[in-house]
Amino acid sequence: MFRPSRIEIDRAAIAHNIQELRKRIPQAIMAVVKANGYGHGAVEVAKVALENGATMLGVALLEEAIELRDAGISAPILVMEAQFPDAAGVAAERGITLSVFSAEWLEEAKQFLNGQTLTVHIKVDTGMGRLGLRSREELDAMLNAANESFDLEGIYTHFATADELGSELYYEQQERFERLIEGLHDRFRYVHTSNSAGAIRMAGQDVPYNLVRVGIAMYGLYPSAEMQGFYSFLRPAFTLKSKLMHVKRLEAGQTISYGATYTTSTEEWIGTVPVGYADGWLRKASGFEVDVEGERCPIVGRVCMDRFMIRLPREYPVGTDVTLIGGPIAIDELAMYLETINYEIVCEFTGRLPRHYV
Ligand code: PMH
């Protein structure tokens, strides 16, 4: 690998986060590693999570589950995105659990099973409006349609506002879920509702759920600014680093990058950092700051496809380390600058940036 730009993932931080969550949460932990482990690397994160007490993995796509199986991971995996019924055969063969929410789906899927049993979790929509059945009739129809072809292992819902402390909907969703599954808790090995925010909010409460689906907190990030107080124990695992590739002194009046949107006002030292929007370092990050040996340096001019320029306080040698994310530059600071959330930041970096595990 010749390029000096890299994402570094701190395995010990992920291990720490899982261990700390386990101290606070009595439920089994599903480590959510969809979208390549929120950009951190699904296989690596899954291994660290399982070694530190997570007992199940959650992904969005069947392809993501297969990637984990191909890497030799044998822990239970739940696919949380809906799949068409023709996915049932491969899922059953590879021991992958699917999320299902209609009797018709079960009927159609049977033909793909060739006598195998498919493990499923029933998805209930209690207010997310995304996926899931919404009535007891639909649930009863599923229970009737299931036969020996299906192991109805779990039932779950997903909160829309668990990270908003003032939200009534969070409590309404719990009530709707409880009403819908009334009398049925014992039919399922796993009953689950919570993402990171819900899991930590339910800590210490007596709830009839025995599994939580933890994503963002495992990566050391908090689900929303207002939940930060619940999460003082977290350690972010993600850093993005590069090196100065070129350093030059420009006199006043010189322009920088496409559109010539920046002009030096005096004599300035300008450094070029080889990370660009094709890596997921968005063009909108123009004007944000990066860290060079403890000094914050502004990005001047537009971010290009493969590189951007910064204004240095003085001359630095080519090869000097530049930190784009991590240490003094928190992901949440960048997220705020880009008017988005930390989830989107970690997911946006492309495969062109190598992931190093430290
Ligand atoms: N469960 C489901 C069904 C999810 O979709 C997610 C995250 C999680 C658990 C984990 O949530 P956490 O990272 O807040 O702990 N899903 C998404 C999503 O679809 N968009 O952003 C996060």
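**Strand 6 and two pockets**

Okay, let me start with the strands: strand 6 and strand 7, residues 150–157, run parallel and are joined by seven bridges. Before I go on, keep in mind that this is a predicted model.

If you want one residue to look at here, take Val120. Its bridge partner in strand 7 is Leu152. And Val120 of strand 6 is also the bridge partner of Leu98. That second pairing belongs to strand 5, residues 97–100, which goes parallel with strand 6 over three bridges. So strand 6 pairs with strand 5 and with strand 7.

Now, how do the connections run? From strand 5 you pass through helix 6, residues 103–110, to strand 6, and that makes a right-handed β-α-β unit. Then there's another one: strand 6, helix 7 at residues 136–145, and strand 7 also form a right-handed β-α-β unit.

And is strand 6 buried or exposed? Well, it covers residues 118–124, and six of those seven are buried, so the rest of the structure largely encloses it.

Right, on to the pockets. The largest pocket holds about 870 Å³ of space. It's lined by 37 residues, and the ones closest to the centre are Tyr38, His158, Asn195, Ile341 and Tyr343. Which elements put two or more residues into that lining? Those are helix 2 (34–38), helix 9 (196–202), helix 10 (331–337) and helix 11 (342–347). By residue type, the lining of the largest pocket has 21 nonpolar, nine polar and seven charged.

Where does the largest pocket lie relative to the domains? Domain 1 (11–224) and domain 2 (238–357) both contribute to its lining, so the pocket lies between them.

Then there's the second largest pocket, with about 250 Å³ of space. Here 17 residues make up the lining, and Gly220, Leu221, Tyr222, Pro236 and Asp332 are the closest to the centre. Strand 10 (238–243) and helix 10 are the elements giving two or more residues to this lining. So helix 10 turns up on the list for the largest pocket and on the one for the second largest. The lining of the second largest pocket splits into ten nonpolar, six polar and one charged. It, too, takes from both domains, with at least three residues from domain 1 and at least three from domain 2.

That's my tour, so let's open it up for discussion.

Notes
Residues numbered from 1 in each chain as written. Predicted model: local features only at pLDDT ≥ 70, side-chain atom pairs only at ≥ 80, totals over all residues. Heavy atoms only, no water. Buried < 20%, exposed > 50% of the residue type's maximum accessible area, 1.4 Å probe, protein only. Helix = DSSP H or I, 4+ residues; strand = E, 2+ residues; numbered from the N terminus. Pairing = 2+ DSSP bridges. Right-handed = clockwise from strand over helix to strand, strands pointing away. 1 Å grid on protein atoms, 1.4 Å probe; cavity = no way out; pocket = protein on both sides within 12 Å on 5 of 7 lines; lining within 4 Å. Points joined across faces, edges and corners; volume = space filled by probe spheres on them. Nonpolar A, V, L, I, M, F, W, Y, C, P; charged D, E, K, R; others polar. Domains from an automatic or database assignment.
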